[in-house]
Amino acid sequence: ERAIAAGLLPVSLRSASNVVVGQPLPVRPPVLCPGCPHRGVFYTLSKLKLVVNGDIGCYTLGCLPPLRALHTCGCMGASIGVAHGAAVAGDSERHVATIGDSTFFHTGIPALINVAYNRSNVITIILDNRITGMTGHQQNPGTGMTLQQKETVDVDIEALVRAIGIERVLTIPAYDVKGIEKTLKEWLKLDGPAVLITQEPCALLPEARRRWTPIRVDSEKCNGCGLCFRIGCPAILQSEEMDEKLNRPKAKIDQLQCTGCEICAQICPRQAILFRKQLVGMDEPLEEEVNP
């Protein structure tokens, strides 16, 4: 604690006698970043109460509350193999495997071939955020660039999956929460292997950051139902304003963190969270919204 506190002080004040020990540090639990394209997938999987076999990557954070969407996590590529094993063992529950694009190229392909070859009753979701997000935005075979930043072949994940022998394949925008839910509900009624590819660049990539447009909450419509808090986005906060009827804190959005992915706007039952197109022509965010 002393070392951490000292590191936060100016160099001139870092002597041990000047460090105050015992002060509480800010709470910062591990969480998916604001605007993470994986958030909608894990929110939907949690909502549908599916058994999900996870994998190694930043999306492993989907196991934490409030999402609580992962039930197993082993080595890289294990998600598909574990899901297949459970299906072969006769588990009556439908198993889903989630794996990132980079991990899929690294060790997921052999396991998916096994699923296709054995016609396993597994739904695989490949979370394609167009980069290797977990270890620092390195390139991978699906980005079209080598690690030395030279142009190279861009492996088409959907074409690769079809070549393996899986016929039920769909690529969908990762922020399309309704589309993801509709697809999974339809596939759960069908037997056999299926692969859903959700695609959207990591929110921290430069090209994604340039598109950031924070959205806002219409406090007059918000009644503090709390549904938006269930997606686990750090940009969604509890407001000091309380709903008069239900005495619940309303939601507010931190304008410094929000990327404008609109996942929260899609799931709000009262349309209290405004989409980007609804903000056109509106006044600039209030100072307290920008600096809560």
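User: What area does the protein chain expose, and what share of it do carbon and sulfur atoms supply?

Analyst: The model is predicted, and its surface is computed from the atoms. The protein chain exposes about 15500 Å². Of this area, the share supplied by carbon and sulfur atoms is 54%.

User: What percentage of the residues in the protein chain is buried?

Analyst: A residue is buried when its relative accessible area is under 20%. The protein chain has 292 residues. The buried part of them amounts to 46%.

User: Which helix gives the largest share of the largest nonpolar core?

Analyst: The largest nonpolar core holds 67 residues, and those touching the most other members are Phe-42, Leu-45, Leu-112, Val-161 and Ile-273. The largest share of this core is 6 residues, and they come from helix H4 (residues 101-117).

User: Is Leu-50 buried or exposed?

Analyst: Leu-50 lies in the loop between helix H2 (39-47) and strand S1 (51-54). Its relative accessible area is 10%. Because a value under 20% counts as buried, Leu-50 is buried.

User: Which residues does Leu-50 touch, not counting residues up to four places away in sequence?

Analyst: Leu-45, for its part, touches Leu-50 and Val-96, among others. With residues up to four places away left out, the residues that Leu-50 touches are Leu-45, His-71, Val-96 and Leu-188.

User: How many Å apart in space are Leu-50 and Val-96, C-alpha to C-alpha?

Analyst: Leu-50 touches Val-96, although the two are 46 residues apart in sequence. In space, C-alpha to C-alpha, their separation is 7.2 Å.

Notes. Residues are numbered from 1 along each chain as its sequence is written. This is a predicted model: local features need pLDDT of at least 70, side-chain atom pairs count only at pLDDT 80 or more; totals for chains, interfaces and linings use all residues. Side-chain values use heavy atoms; hydrogens and water are left out. A nonpolar core is a set of buried Ala, Val, Leu, Ile, Met, Phe, Trp, Tyr and Cys residues joined through side-chain atoms within 4.5 Å. Buried means under 20% relative accessible area, exposed over 50%, partly exposed in between (1.4 Å probe, protein chains only). Helices (H or I, at least four residues) and strands (E, at least two) are DSSP runs, numbered from the N terminus. Contact means heavy atoms within 4.5 Å. Accessible areas come from the Shrake-Rupley method with a 1.4 Å probe; for residues, only the protein chains shown count as cover.
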